[in-house]
Amino acid sequence: MTTASTDDEKIFARRESEARSYCRSFPALFTKAEGATLTSAAGKKYIDFLAGCSSLNYGHNDPDMKAALMEHIAGDGLAHGLDMFTDAKAAFLETFERLILKPRGMDHRLMFTGPTGTNAMEAALKLARKVTGRNNVIAFTNGFHGVSLGALAATGNGYHRGGASVSLPDVTRIPYDGFLGERVDSCDLLERMIAEPSSGIDTPAAIVLETVQGEGGLNVASAEWVRQVEKIARAHGALFIIDDIQAGCGRTGSFFSFEGMGVSPDLITMAKSLSGFGLPMAVLLVKPEFDVFGPAEHNGTFRGNNHAFVTARVALEKFWADDAFQKEIAERSAYLAKRLEAISALLPTASVKGRDMMQGVNVGTGQLASEICARCFDKGLVIETSGAHDEVVKVGSGHDAGRRCRHRTAGKRDLRALLRQGPRHRDLRRP
Ligand SMILES: Cc1ncc(COP(=O)(O)O)c(C=O)c1O
């Protein structure tokens with residue numbers, strides 16, 4: 001294994017917080033990145049299936065984004081602009097309006113929040129509560145919306161919730177599509193629980209969902225289910241929020257993950273691949289009638305990353321001006337599905353999950369998934385797990401590697417042998 005050199009390792013162990021995570025699973029010292037390839041200090045090349053946790057949907061160091069950014073810096077363009085008017089922000093907004101909003105008939109406004117996904121989620125939840133004057137928000141099992149306290153309350157993951165050490169109030173959890181098996185439609189439950197005055201659930205300010213649960217294990221909601229949720233939200237005066245932080249920007253085939261579903265979310269959160277270049281940038285898309293925060297009421301110093309505006313504009317112009325990129329995603333998704341099916345066939349109990357470029361293999365246990373990822377890393381592939389039990393080996397992301405690395409043995413056993421080891425992985429058999 002190509003690890004960080006001893007001296008480098010020492011500085012990380014000595015000075016970097018124990019909260020560090022991905023570096024534990026991928027203990028190489030990375031020095032270069034281009035396209036889908038990472039290079040370590042030792043010169044070893046890795047294929048990057050983690051993709052900055054879906055923040056690098058267009059690859060590392062895209063040459064056109066890089067050139068535009070370098071030109072902007074060389075010309076003393078603003079780096080940081082609070083939320084003042086700048087040429088870079090104007091160009092981004094104009095491009096987003098022209099290439100994304102207008103063709104989709106959307107009149108949403110863009111609220112620039114702090115630069116991470118969780119910041120956009122905080123803004124969304126707070127805004128929905130302000131609009132409706134209600135406290136409660138409905139979120140779904142296995143949903144992941146970030147780890148700052150407001151967003152964490154909507155996140156299902158027990159490990160992350162445990163890190164809060166305070167109560168995480170004002171969110172009611174309802175089973176996600178398929179959580180209770182194929183025969184149970186959780187929308188029936190949702191509808192009844194909201195409609196019944198004595199169900200114990202307060203009428204919600206908002207209902208928030210991911211169309212594909214990335215961290216939750218690549219659970220895919222059907223279009224029909226998403227439509228039903230929207231209908232229920234509308235019937236009860238709740239805002240309908242789609243968290244597209246991970247599933248957006250092409251990861252599920254189109255710019256928004258809900259395209260073609262026939263829904264019109266009131267609020268949409270975006271971050272991760274929005275800047276295109278891996279630079280921090282997040283927005284909350286808001287229907288004009290809900291754009292009710294007063295000036296600076298939801299403030300933040302880092303809402304004007306002009307470097308990100310530059311690269312985000314180029315990403316839109318390069319990938320979303322026509323449908324060539326979407327066609328390419330469709331082709332790659334089909335290829336990915338085919339290859340994952342072949343891998344999954346190595347293990348009788350495994351199955352392919354997800355859709356488009358958000359797919360992976362459920363291998364049944366976190367232990368096995370973790371060993372597979374460790375073996376992949378030895379072989380030069382950076383890939384992570386997701387799911388309630390970390391049981392899915394996932395293409396495109398993985399968020400809480402630190403917890404899982406305790407499973408890691410970085411063993412040298414052959415992967416096929418590992419997969420065929422029946423007795424050791426007895427617990428793979430589902431009831
Ligand atoms: C769907 C979703 N929402 C919110 C977040 C939080 O984003 P961030 O880690 O940038 O705060 C994530 C991160 O993985 C996510 O996948």
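**Ligand shell and strand pairing**

Modeller: Let's start at the ligand: one of its oxygen atoms is 3.0 Å from an N or O atom in the side chain of Lys-272. Keep in mind that this is a predicted model.

Colleague: How much of the ligand's own accessible area does the protein cover?

Modeller: Lys-272 comes with a 3.0 Å approach to a ligand oxygen. On its own the ligand has 380 Å² of accessible area, and the share covered by the protein is 89%.

Colleague: Which residue has a side-chain N or O atom 2.7 Å from a nitrogen atom of the ligand?

Modeller: Gly-117 is one to set aside, since its polar backbone atom is 2.8 Å from a ligand oxygen. The ligand nitrogen has a side-chain N or O atom at 2.7 Å, and that atom belongs to Asp-243.

Colleague: By class, how many residues in the shell around the ligand are polar?

Modeller: The ligand has 12 residues around it, with Gly-117, Thr-118, Asp-243, Gln-246 and Lys-272 the closest. Sorted by class, two are nonpolar and three are charged, while the polar ones number seven.

Colleague: Thr-118 is among the closest to the ligand. Is Thr-118 buried or exposed?

Modeller: Thr-118 sits in helix H6, residues 117–132. Further along the chain, Thr-118 is in contact with His-145, Gly-146, Val-147, Ser-148 and Ala-151. The relative accessibility of Thr-118 is 16%, under the 20% cut-off, so Thr-118 counts as buried.

Colleague: Which residue's backbone nitrogen does the side chain of Thr-118 reach?

Modeller: The candidates include His-145, Val-147 and Ser-148, which are in contact with Thr-118. The distance from the Thr-118 side chain to the backbone nitrogen is 3.3 Å, and that nitrogen belongs to Val-147.

Colleague: Gln-246 was on your list too. What distance joins the side chains of Glu-215 and Gln-246?

Modeller: Glu-215 lies in the loop between strands S8 and S9, and it is buried, with 9% relative accessible area. Its side chain makes a polar contact with that of Gln-246, at 2.7 Å.

Colleague: How far apart in space are Glu-215 and Lys-394, C-alpha to C-alpha?

Modeller: In sequence, Glu-215 and Lys-394 are 179 residues apart. Lys-394 belongs to S17 and stands opposite Gly-360. In space, the C-alpha atoms of Glu-215 and Lys-394 are separated by 9.2 Å.

Colleague: Why is strand S14 largely enclosed by the rest of the structure?

Modeller: Met-358, Gly-360 and Asn-362 point one way from S14, with Gln-359 and Val-361 pointing the other way. S14 pairs antiparallel with S13 through five bridges and antiparallel with S17 through three. S14 is largely enclosed because, of its five residues, the number buried is five.

Colleague: Which residue in the turn of the S13 and S14 hairpin has a positive phi?

Modeller: Ser-351 has Asn-362 as its bridge partner in S14. Two residues lie between the strands of the hairpin, and the one with a positive phi, about 55°, is Asp-356.

Colleague: In the open sheet of four strands, which strands stand at the edges?

Modeller: The order is S1-S2-S3-S15, with mixed pairing. Each edge strand has a single partner strand, so one side of each is left without a neighbour in the sheet; those strands are S1 and S15.

Colleague: And what is the bridge partner of Lys-32 in S2?

Modeller: S1 and S2 run antiparallel, joined by four bridges. In S2, Lys-32 is partnered by Thr-39.

Note on methods:
Residues numbered from 1 in each chain as written. Predicted model: local features only at pLDDT ≥ 70, side-chain atom pairs only at ≥ 80, totals over all residues. Heavy atoms only, no water. Buried < 20%, exposed > 50% of the residue type's maximum accessible area, 1.4 Å probe, protein only. Pairing = 2+ DSSP bridges. Near = heavy atom within 4 Å. Polar contact = N/O pair within 3.5 Å; in protein donor to acceptor, adjacent residues only side chain to side chain. Areas by Shrake-Rupley, 256 points an atom, 1.4 Å probe, with all protein chains shown as cover. Nonpolar A, V, L, I, M, F, W, Y, C, P; charged D, E, K, R; others polar. Contact = heavy atoms within 4.5 Å. Lists of a residue's contacts leave out its neighbours within four places in sequence.
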